[in-house]
Structures are given as structure tokens and as C-alpha cells.
Amino acid sequence: MTYLLNNPADFAVDALRGYAAAHPEHVMLAHGGVVRSTDTPENQPALVIGGGSGHYPAFAGWVGPGLAHGAPCGNIFSSPSASQVYSVARSAENGGGVILGFGNYAGDVLHFGQAAEKLRAEGVDVRIIRVSDDIASGPAESHRDRRGIAGDLVVFKIAGAAIAAGADLDEAERVAWKANDATRSFGVAFDGCTLPGAGEALFHVPDGEMAIGLGIHGEPGIREVPMGTAAEVADLLLNGVLEEEPEQSDGAYSGRVAVVLNGLGTVKYEELFVVYGRVAERLAEKGLTVVAPEVGEHVTSLNMAGLSLSIVFLDDELEELWLAPADTPAFRRAAAGLPAGPPRTAVHTPGEDRIPEASGESRDSAARIVQVLEMLRDTAAEHEEHFGRLDAVAGDGDHGQGMAYGTRGAASAGSSAAAKGAGARTVLLHAGDAWSEEAGGTSGALWGAALTAAGGVFDDERAVSAPDIVAALSAGIDAVVRLGGAQPGDKTMVDAALPFRDALAAEFDSSADVAGAVKKAAAVAREAAEATADITSRRGRSRILGEKSLGTPDPGAYSFSVLMDALGTFLASSPDGTPEQP
Ligand code: ADP
Ligand code: MG
């Protein structure tokens, strides 16, 4: 469907006018098309490319330095008229002759041909390049009789680069044909496209099938096969184009290829990348080297659901031209020489940070922290179903899973850091990262931040003391408040955590018994968590169903109180760091 239009009959013209208005640095309107907004240098061949509209970025999007000089634009899916081609060519020509480039379709052949006749009659040297990359449209023996699809980009890019590098008309014509002869494309469609204003698509592909060998003018495929996975589609297309891989030989094609994975209109870029991942893997397995792949929409077919894969079997000359700079509204390649720096040799990988030196004392504390994390993991696992049920009332039901995954990740990251000699601070920092990574969700991010802040209170030198534990718990809770921005009464874990923090400080001040203080504060937290049943949610996911949460405690507040209670029990059972054996 095309949703936005004024009058269907004016769609192509309106689009072109808006395009020119959007890119005044590159193009200006001519009769029936656009030309570069700068004059063609004297005696430089003018590359004039085109076809129907509905294929953007092809063809108007490719007008600019390093690529085309002008583009006549026909109506949707129909060739520009001879007079449109002529006007654009006349505007662009400046003594160097003209190359008319278009996909090999009957209408284009006629209209461009007729314009060529007229230009020639006026003494202009004109060469014609009919792009014919689509392997589905004819046998390999008559490659130049096939129809043109996404190979348009390759052929015009290479011809434009040659012209920018100083090629004359003969030379530009020669490399354009060479590029065409080195390019093979193959496509599939999942559904047809709809002309602007039309109520029905030009064709449909039956559910569960895909059409092989699509055209770009709403031509259905040549046959239908069962729908495949992204990898199967990638294999299908790649196997097709590689069937015509030429022999490798020195000085000619030596296993280096340009690749264009082209979306036809409604295939998402992410989907294209999923397919491309497989294409890249397969090409690497075959020992082929990919040069500057293009993955995206290049030659579209209105809202056609489909994609095509083009491979260009490069030699040195084609490779250099493929890589040459270009500056057009829809296709840009930076000139070499922009500061890029040396190739990167490493990227950050979680868990592989250098472990800072730690003292024996701090490592002993770290070992105990790992025990705490493992205890939290077991506690969360035990309560997973209950936490999930609480979250299902007004949230999305994943709180049990989030807590189970988060604590599991934290315990395992903490233990592997400790095994590498990490001290108390580092173990908690690793655990915090892993918690938020593994848990996902809001509470995961908040717990991760809490562990990180708590770790910041410790260091890798000293043993963790009782006052350190109190300070770390308090710092963790402050981080949750800071990061989450929840106020008391919003019905979040803050409603349990703040009373916990205050009770802990008061109890510890008077008793100096950290385990007892945690245990008592946890009881306060539990009561506060239960009390959240009486309020409606104003934060987080469940705010949307706030009213529904009445009568049920906040899952995050509740799980907080459960974990803190377990912490109190743990600390009481192992006051000197050796947990009681069951
Ligand atoms: P998600 O909401 O992404 O599904 P969970 O289900 O794991 O994440 O956690 C939900 C809990 O997260 C809530 O019950 C609440 O306690 C807590 N929460 C959500 N937003 C905040 C916030 N801004 N501050 C503190 N806690 C929050
Ligand atoms: Mg949830």
C-alpha cells in the first residue's frame, strides 16, 4: 500500500519534485527528471541513467559526483519517454558525449533508443548500456539479453567512477559493459506490490511460499517454492549467483567479489542483515573475499516484499572503481584518506576485564561474597514461581525469571572473578554487570546497579568489615533510588528498600550486630512490601494497569524483602565467614 499521495496520477511527478527540493546541493529538476546541480565539466562524458519511478534510490537517488549526471524518471514502472530522456541528456551533455544506462526492458530500450537517435542526429556521440544482471530472466549463454535488476547500482557506480577518474566515452562504455558482464543477481519475493492508489497488489504470493526470480516491476517470480528461513533464502540466492562464477585466474577475477543485498521495499534492514550474515559466512567458507558489500534498499519495487542478491566477480580495475568515492543523495562513498587510524585489534568482552591485584584479606572477603551470591541465587530459584505470579497480576509475569536469571548470572560471574584472584570490590562489580545482563527487565538493571554501588564501598585491599556491609547495602539502595527515580508510595522495590535501609542503620547503630540488624530490617521490609498491596502502582511496567495491582504487593518490593531476609539468615549462620555446613 502507498498511504500518502495526492492524486495517484501525479504520484511520480510529486515524488520527484519533493526529492529535488530535498537535495538542492545535488540535483535540480529538468523536464522529466533530474540533473546534477553543477555543470558537467567540459568534455566529460555524461552518464544518464534511468527507468521508471517506484524504484528509489534507483535512479534519481544516484545523481551526483562519482556517479550519474542525470536521471530521467518515467511514471511508476514505466520507461521515461524519449523526450524526457532527451531533455535530461541534453541538460547533462557538455561535449564529452552521453552514456545512456538503463535496465534491459522493452520500453526502456525503445524510449532511450529513440532519444539516442535524436541526440546522434544532432552530432552527440551516444553509447547505450543495457544492464542485464538477473539470472532468472534468461540463460547464462545470453547474459546480455537478461533483464536488469539491482545490478543497475553496480554498473552505473562503476561507469560513473571511471568517468570521474577521467575516462572518455569509449573507456566508460568499456568498463560499464565489463561491470555488467561480471555481475549476477537473483531474487525472491514474498508478496507483490501495489501501485499508488490501487486497491489490490499486482500479485500475491500464496501463504507459506516464496516466488523465485522476481522482477522489479511487479512481475511475479518464475516459480514458487516453500518459504524458507533466512539462511535457506541466503543459500538459495547465493547458490544461484555462484553457479555462474567464472574461473579464477591471475590478473582477472581472483576470488574477490562485491556484494549487493538489496531490499525490494518492505523487507526490514534487520532482516537483510540476518540474511547477509549467512551470505558472508558462506562466501568466507568458499574462500571468496567480499569487497565493500552493500546491504540495504537500492533498487526497490514500491512496497514489494522481497530481496535480491547480486555478486560482482571483480578484477583489479572493477574493484578500484567500485571502491572509488561517490557523493549522491542515496549512495555515498567517502574518499580514501579520511583519518581512520590503525585497524582495531580488540573489543571489550564482558567478564574479560583485567582483574586488579587483590590482597589475601580482600580475597577471603570475596570468597564470602560469592557464597552470599550463591545463596541469593538459590533463594531466588526457590521463590521464582511466586515472584512471577505476583508480577503477572499487573506486570508481565517475568519477575521470578528475572530474579532467578539475574542472581544466577551474578553468582557465576562473581565466582569466576574470584577464581581469577579478584578482591571484594571487583567480585561485586562483575556480579552487578552480570545480574543486569542476565536478568534483563527493570528490576535487573536496578539490582545490577545496586551491586555495582555496593562494590564501590569495598576495595580490593581490606577485608570487608561489618560497618562496610551496612554501608554497602545502603549505597546499593541509594543507587536504586537514584537510577530508578521512584518515590516512596510509587509501589516499587523502593517502598521496601528505604525502610530497610533506615531500620538497618538504626539497628546496627544500637547493636553493632550486622546479622541481627539485617534480619530485623528485613522484617521491616517485608511488612512494608506487604503494605504495598494497598496502593496502586505509579512506576514501572505495572503503572499502566495500576488499579489491577490493588490487593497484590509489588513483586520487586516483595522479592527484595525475601532476599534480605535470606541474607540476614546467612550472616547469622556464618558470623566469621565460614557458613554452617548443613
Ligand atoms: P519488568 O518490569 O521490566 O518486567 P521485573 O518484572 O523484573 O521487570 O521487575 C518489576 C519490578 O521492578 C517492580 O515490581 C518494581 O518493584 C521494580 N521497579 C520498576 N520500576 C522501578 C523504579 N523506577 N524504581 C524502583 N523499582 C522499580
Ligand atoms: Mg516484569
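**View 1. Ligand 1 sits in the second largest pocket.** This is a predicted model, and here we zoom in on where its ligand ends up. The pocket in question, the second largest, has a volume of about 580 Å³. Of its 34 lining residues, Thr442, Ser443, Gly540, Arg541 and Asp554 come closest to the centre. If you're tracing secondary structure, H9, helix H10 (399-419), H12, H13 and H16 each give two or more residues to this lining. Sorted by class, the second largest pocket is lined by 11 nonpolar, 16 polar and seven charged residues.

**View 2. A shell of 20 residues surrounds ligand 1.** Asp398, Thr442, Ser443, Arg541 and Asp554 are the closest of them. Two helices, H12 (441-457) and H16 (555-573), each bring at least two residues to the shell, and H12 gives the most, with four. The class split for the shell around ligand 1 is six nonpolar, eight polar and six charged.

**View 3. Oxygen atoms of ligand 1 pair up with Asp391, Asp396 and Met493.** For Asp391, a polar side-chain atom lies 2.9 Å from a ligand oxygen. Asp396 also uses its side chain, with an N or O atom 3.0 Å from an oxygen of ligand 1. Met493 does it through the backbone instead: one of its backbone N or O atoms is 3.0 Å from a ligand oxygen. As for how covered the ligand is, ligand 1 taken alone exposes 560 Å², and the protein buries 95% of that.

**View 4. The largest pocket has a volume of about 680 Å³.** Its lining runs to 36 residues, and those nearest the centre are Val372, Phe458, Ile469, Leu473 and Leu567. Helix H9 (360-394) supplies the largest share of that lining, eight residues. At least two lining residues each come from H9, H12, helix H13 (466-484), helix H15 (514-531) and H16. By class, the largest pocket's lining counts 27 nonpolar, four polar and five charged residues.

**View 5. One cavity of 30 Å³ or more turns up in a search of the whole structure.** The largest cavity holds about 40 Å³ of space. Around the largest cavity you'll find Gly50, Gly51, His55, Phe59, Gly103, Tyr105, Asp108, Asp152, Ile216 and His217. That lining breaks down into three nonpolar, five polar and two charged residues.

Methods: Residues are numbered from 1 along each chain as its sequence is written. Chains are lettered from A and ligands numbered from 1 in the order in which they are written. This is a predicted model: local features need pLDDT of at least 70, side-chain atom pairs count only at pLDDT 80 or more; totals for chains, interfaces and linings use all residues. Side-chain values use heavy atoms; hydrogens and water are left out. A residue is near a molecule or strand if one of its heavy atoms lies within 4 Å of it. A polar contact is a pair of N or O atoms within 3.5 Å; within protein, one must be able to donate a hydrogen and the other to accept it, and residues adjacent in sequence count only if both atoms are side-chain atoms. Accessible areas come from the Shrake-Rupley method with a 1.4 Å probe; for residues, only the protein chains shown count as cover. On a 1 Å grid over the protein atoms alone, a cavity is a set of points where a 1.4 Å probe fits but cannot get out, and a pocket is an open set with protein on both sides within 12 Å along at least five of seven lines; lining residues have an atom within 4 Å of a point. A molecule sits in a cavity or pocket if more than half of its atoms lie within 2 Å of its grid points. Ala, Val, Leu, Ile, Met, Phe, Trp, Tyr, Cys and Pro count as nonpolar, Asp, Glu, Lys and Arg as charged, and the others, Gly among them, as polar. Grid points are joined across faces, edges and corners, and a volume is the space filled by probe spheres set on the points.
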